[in-house]
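Biologist: I should be grateful for a close look at one part of this model, namely its salt bridges. Which side chains take part, and where do they lie?

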Amino acid sequence: MSSAPVLLEMRSITKTFPGVTALADVNLVVKEGEIHAICGENGAGKSTLMKVLSGVHPHGSYTGEIVYRGDTVRFHDIRASEQAGIVIIHQELALVPGMSITENIFLGNEPRKRGSIDWKAAQHRALELMEQVGLKEDPDTLVKDIGVGKQQLVEIAKAFAKDVKLLILDEPTAALNETDSQHLLDLLRGFRDRGITSIMISHKLNEIEAVADTITILRDGRTIESLDVEADGVNEDRIVRGMVGRELDSRFPDHTPDIGEVFFEVRDWTVRHPASDERLVCKGSTFTVRRGEIVGFAGLMGAGRTELAMSLFGRSYGTFLSGRVFKDGKEIHLKTVSEAIRQGLAYVSEDRKSIGLNLLDDIKTSMVAAKLSKISRHQVIDPVREHRIAEEYRQSLRIKTPGVDEEVVKLSGGNQQKVVLAKWMFTDPDLLILDEPTRGIDVGAKYEIYGIIQRLVGEGKGVIVISSELPELIGLCDRIYTVFEGAITGEVTRRDANPELLMKQMTSMKKTPSP
Amino acid sequence: MSRISDLQKNLFGGTASNARQFGMIATLVAIVLLFQIWTGGLTLTSGNLIAVVSQYSYILILAIGMLMVIVAGHIDLSVGSVAAFTGIVVAKTMQEHSLPWPLGILLGLLVGAAIGAWQGFWVAYVGVPAFIVTLAGMLLFRGGNQYIGNADTVPVPTGFRDIGAGFLPEVGPDTGYNNLTLLLGLLACAGVVWREWRARQTRRVMHADAAPLWVTGIRLAVMVGIIVFTTLRFAGGRVGTSFPISGIILIALVLAYSYYTRNTIGGRHIYAVGGNSRAAELSGVKLRRVNFLVMMNMSVLAALAGMIFVARSAASGPQDGLSWELDAIAAVFIGGAAVSGGLGTISGSIVGGLVMALLNNGLQLEGVGSDMVQIIKGLVLLLAVAFDVYSKSQGRFSIIGTLMRPFRQNETSTPVDPPNPASDQDKAPVAG
């Protein structure tokens, strides 16, 4: 590997925003035909570095030098970098949902014949490109009608249509399930064999370990180290050490469960899909939560875990058909979100940016938004109490921000998640449902979020954790339910939980009794 | 440099929204001065100021409601038609059934509420976009006005005219000024001082560093100075004129609605719905109720504005309220509200409304034709919002910062600036 020529070198890149140094003297060397992973906590500067490379931050707005294929390059916008064969695929896919696969692949890059688009050539070329990325679909299918995994492939095909030399993927597998992720990683390996260089930003260390040839670790806007995966014998712990600057003794804080009585019970919960009459998203789900217990919900994407949680939380999803909810032995009714909040339920959404937070708000406004009555008298909000409460949460959850008047949009993912947690802790819930609480969050912040969850159950609350990461569920939960196609297919205690057993129950209707 | 930014921070509160407000007030002052010079001092005469308030209070009243509609993420195109419809219903009823005028006003408000409930129902409970519902309403109620009034004008009784054309009465000793207007000015001064004092108290409780006393002093002096000046102008007009009744209604509405939007749960829910309706819903906000009330409130205010207009012109006619919606919407956007909802303030919209009113008035004083007035108003709206969009893309808004930019060495946010490795990191980012 080390003999391969250098494709890209970024030399002492420094980029400052008013008041913040995002990148300080960062160096990156990418060799031709390798898969180069960039690791770092949120806010370490990975995305900024890629924006500098792709011309989003144009030449002149940073200092330092970019040498690409032997020449010093100065990209003034994204078009310039794309012409040089550098294509970046963002975490949020840039596809037009209402257009077909072909139209998306050639968007902004349409093959022309005598001034109009040559759809015949486009169609033909699209099929070729789809073949290359292993996408088996009708090229006329609308993008909104295919899954996220396939949309990701359309993005890559789009990059190929531009004759890509260097492919940059920002969190490519964040929204994918195991199968699709695996497919994507295989694809990357295939590209490597064909000589296409990839840069990959990811929080999923196991994937990085599996595919990357070289790893560059950033921390606080600086290059910490560059590791050769094979030569240095890199493993996940090694990467984590570089990212956080210390050895993490454990991924989970110490915790001794103190589990009490069953206080929350759901019986035969059945919910219909909002758009389809036949499809059930919850099929007679029955489960319980004890005081002081962390209950996990494992399942593949689309298994119906989020749907279950949201339909419980004030019928926020689908059409309710049947089912009963009991709290402390008494039946309760949760027809609206405000009723659910009053009954002590809290739901922390998996998608904090689009449905968890109002991104226009500042921190303090976000934190009190779900229970304004607590800081109000006669409908009038007391700004002093609001400020004081927000300050308390800022300190106790260790949210990294200069003050609670900052806008939430300026916070990193981990800190935003803490704000959302504070928002729901403020409602004094008895049962918190946390949907993917650590998605898109770095290792250090994850550890802290786990700590917060354990503190909550320590106070006698019940917590439900929905997660797609099995190690997280196994490390954190006292009991795990598995969900498959809307039905609960199993129940595993902490003692018996292992990835194989869970995966088996997550992928089959047959109810496996826990041993 | 840092001293200027400190001063700026202290004088204008330092937050982005305060700085934006400052920017708008500066625009307003600039327009006033421009017209004052251009018209050879006519703009700030007693007679003209009084005329501005009584003539254009309807824009400001509409802007209050429109701000809330736009913050919630909707739009209301029907306000002019609703105003005209309410006007004709009230005028006709008072004329034909000799309804006493106080009941006439009540009837007008009820008509507004009923129309608002109708439009709110379609927007909130059926889910038809407000643009469509109120476009339909625009046609519906314009037609309704002409149907009821036979496309003719209907006069209103004298008592009713007071809400549009009345003034504070002359009472007490002869001071050469209108005493009640003086009292009003005094109350305003006291209010400003009290508010400033309260703000300092609050900051102290929050352990935030309050601005130095002399800064507060300057700020108070400026505000009290403006109030005293305008009070004397309004109180010192032609005998029989003083501060208009419609102005009093307007001030009451501004105070009440500012308080509501800033300090109450209901107000905050409007911003939550406009900022992210799904997040608001999942936080327990009753989405439909908020949308319904916002649309309904708008129509009630439109009805009130319509009645004030009818009262001022002494009759209701088929052309009342034509293109009012555009004035109101322009006022709200000039006042800094976001097109996508979730952002905006009542005070900003009032300043925006004043900009529109003074533009109308100043151009009229100069005898500029309505063709040019429309062209100028269109350009002002476009430029105001463009400036806002631009300053947002450049980071925080800052008039002084914008003016000082060419002289600044440590600015790295704008790509056009040459990179400067000597930028000092320990300096706090320029506030506001």
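Modeller: Over all chains, the structure, which is a predicted model, holds 33 salt bridges. A few of them are described here in turn.

In chain A, A:Lys364 is paired with A:Asp362, and their closest N and O atoms are 3.5 Å apart. Both A:Lys364 and A:Asp362 are buried, a term that stands for a relative accessible area under 20%.

A further salt bridge of chain A brings together the side chains of A:Glu448 and A:Arg398, at 3.5 Å from N to O. A:Glu448 belongs to helix 15 (residues 443-458) of chain A, while A:Arg398 sits in the loop between helix 13 (383-396) and helix 14 (413-425) of chain A, so the pair ties together parts that are 50 residues apart in sequence. A:Arg398 is exposed, its relative accessible area being 55%; the cut-off for this term is over 50%.

Chain B offers another example: the side chains of B:Lys377 and B:Asp327 form a salt bridge with an N to O distance of 3.1 Å. This pair also links distant parts of its chain, with B:Lys377 in helix 16 (residues 370-393) of chain B and B:Asp327 in helix 14 (residues 324-334) of chain B, 50 residues apart. B:Lys377 and B:Asp327 are both buried.

Finally, chain A contains a network: A:Arg290, A:Glu293, A:Arg479 and A:Glu491 are joined into one by salt bridges that share partners.

How values were computed. Residues numbered from 1 in each chain as written. Chains lettered and ligands numbered in written order. Predicted model: local features only at pLDDT ≥ 70, side-chain atom pairs only at ≥ 80, totals over all residues. Heavy atoms only, no water. Salt bridge = Lys/Arg side-chain N within 4 Å of Asp/Glu carboxyl O. Buried < 20%, exposed > 50% of the residue type's maximum accessible area, 1.4 Å probe, protein only. Helix = DSSP H or I, 4+ residues; strand = E, 2+ residues; numbered from the N terminus.
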